Amino acid sequence: MEAGRTNRSLVTLNVILVVLIVAILLVPRIMLGGLKPITLKTAPALTGQISQALAAKTDRATLPAAGKDYSLGSTRYFDNDIWAVATIASIDNNGLSGAVVLKKAGGIYKVVLGPGTSFPSNYTAGLPSDLKQYLNEQGYIYGTP
Amino acid sequence: MEPRSLAYRLRQIILAAIVIASAGLVYSVYNTAQIRDRTGTLKVTTSASKAIITISQMNTDAEVIGTGTSTIRLRAGTYSLAANYAGLHATTVTHVTTDQTTRVTLNLAKSTNVLPSADNIDFENIDDLVSNGLTTTQVANLKQLFFTYKKTMQTVDVAPGSIQSTAHNLGDPYFTITFAGSIDGAPYRAAVRYTSFEDVALTLTDQRSGVQLFTGRLPSSTQ
């Protein structure tokens, strides 16, 4: 009888232990709605937005990555850092090279022109004059009226 | 004696494991509550079920987060979202708030030049000017001059049948074409002067008041 009582008590304790282990696994998932938080990897400024713009231009299923598909060259800022011009160079001759013009809106930069090695002058009409001049000096604009 | 001692030891071990597991559960709940207090949920839907959805932040890499739709948990902050599929594209900036769900819908469309340009203006019937003496280069320059006048305009309409070539006097290097139309619904009159195959000088006047709205020429070096 005593052995029976001991066995029942061991089973109860085992059940409690299993419930606790399951709770450790399940409760956090339930608290987070089944979603594990995503943390974006730190990278040089603008590379995330440039990679997204390159994905749109190339229509690839994989995201072009800085350091793997292209390298980030110089970056210049204009108008109190509202505008930025970055140069990229392709790795493995994949055609991802040229200048990219970005504008800060809503606290984050967005690609507004490029990437490209040559832009028609009418595409640059909305840019600040110092930025336009910089692009012109670097040879990225053609057809200046 | 032996079996009781074994059962006793086993019970002690399980009790210890229960204590450790309980402490682990408390820590796990506390840690998860901290994560939940620092993060929010982002639900993205797109107009194309096969669209690749990407996300990035200032000074971070971009990452693919789903196809067609995506629900993720992120630290609160500002993010750049983009979706691409078959030459269609959509992009937006979104703000994720702590302990809240942010819903974003991306409607994909053909990529257009994001910067204002003459390419974003809808010119109705302007190619009729080619039949009236202008070259396609001159019409392209004309479009650029309209854009220079007002960069935010959406529609320029040339009224059918309004195009007239004025009589050309011998010795006068200029040819002149006039026409009427509307810019975003506002009526105008235009006079286009040219000498050869590339240059155009455009003068716009308000059709109702007669006030000159704009004058310009391309190429700008033309005398």
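Contact here means heavy atoms within 4.5 Å.

## What you are looking at

This is a predicted model, in which local features need pLDDT of at least 70, side-chain atom pairs count only at pLDDT 80 or more, and totals for chains, interfaces and linings use all residues. Residues are numbered from 1 along each chain as its sequence is written, chains are lettered from A and ligands numbered from 1 in the order in which they are written, and side-chain values use heavy atoms, with hydrogens and water left out.

How does the model score? It gets ipTM 0.84 and pTM 0.65. For chain B the mean pLDDT (the predictor's confidence in each residue, from 0 to 100) is 89, with 93% of residues at 70 or more. A word of caution: where pLDDT is low, the predicted coordinates should not be read in detail.

## Chain B in outline

Chain B has 2 helices and 15 strands. Both are DSSP runs numbered from the N terminus: helices are H or I with at least four residues, and strands are E with at least two. Out of 223 residues in chain B, 39% are buried. Buried means under 20% relative accessible area, exposed means over 50%, and partly exposed is in between, using a 1.4 Å probe and protein chains only.

Take the contacts in chain B between residues at least 6 apart in sequence: 46% of them join residues at least 24 apart.

## Where the two chains meet

On the chain A side, 52 residues are in contact with 60 residues of chain B. The area buried between the two chains is about 4,700 Å², and carbon and sulfur atoms give 69% of that. Buried area is the accessible area (1.4 Å probe) that two parts lose on being put together, summed over both. Which three residues supply the most on the chain A side? They are A:Met31, A:Leu40 and A:Gln52, with 15% of the area that chain A buries against chain B.

There are 0 salt bridges across this interface, a salt bridge being a side-chain nitrogen of Lys or Arg within 4 Å of a carboxyl oxygen of Asp or Glu. There are, however, 10 residue pairs in polar contact between chain A and chain B, with both residues at pLDDT 80 or more. A polar contact is a pair of N or O atoms within 3.5 Å; within protein, one must be able to donate a hydrogen and the other to accept it, and residues adjacent in sequence count only if both atoms are side-chain atoms. The elements of chain A that give two or more residues to the side touching chain B are α1 (2–31), β1 (37–38), α2 (47–58), β4 (98–105) and β5 (108–116). Of these, α1(A) gives the most, with 13 residues.

## B:Tyr79, touching both chains

B:Tyr79 is found in strand β5 of chain B. With a relative accessible area of 2%, B:Tyr79 is buried. Leaving out residues up to four places away in sequence, B:Tyr79 touches A:Leu40 and A:Ile108 from chain A, and its chain B contacts include B:Ile55, B:Leu74 and B:Val93.

The side chain of B:Tyr79 also reaches the backbone oxygen of B:Arg75 at 2.7 Å. B:Met58 is 21 residues from B:Tyr79 in sequence, and the two are 7.7 Å apart in space, C-alpha to C-alpha.

## Two more buried residues

B:Asp206 sits in strand β14 (residues 200–206) of chain B. B:Asp206 is buried yet has no salt bridge, and the nearest side chain of opposite charge, B:Arg208, is 4.5 Å away. For charge, Lys and Arg count as positive and Asp and Glu as negative, while His and the chain ends are not counted. Not counting residues up to four places away in sequence, B:Asp206 touches B:Pro187, B:Val211 and B:Leu213.

B:Asn141 belongs to helix α2 (residues 136–149) of chain B. B:Asn141 is buried too, at 18% relative accessible area. With the same sequence neighbours left out, up to four places away, B:Asn141 touches B:Glu198, B:Val200, B:Leu218 and B:Pro219.

## Backbone oddities

Most residues other than glycine have a negative phi, and most peptide bonds are trans. B:Ala86 has a positive phi of about 50° although it is not a glycine. B:Ala86 lies in the loop between β5 (77–85) and β6 (88–96) of chain B, and is exposed at 52% relative accessibility.

B:Asp184 likewise has a positive phi of about 50° without being a glycine. Its place is the loop between β12 (175–183) and β13 (186–194) of chain B, and B:Asp184 is partly exposed at 36% relative accessibility. Over in chain A, the peptide bond from A:Gly114 to A:Pro115 is cis, with omega near 10°, and A:Pro115 is found in strand β5 of that chain.
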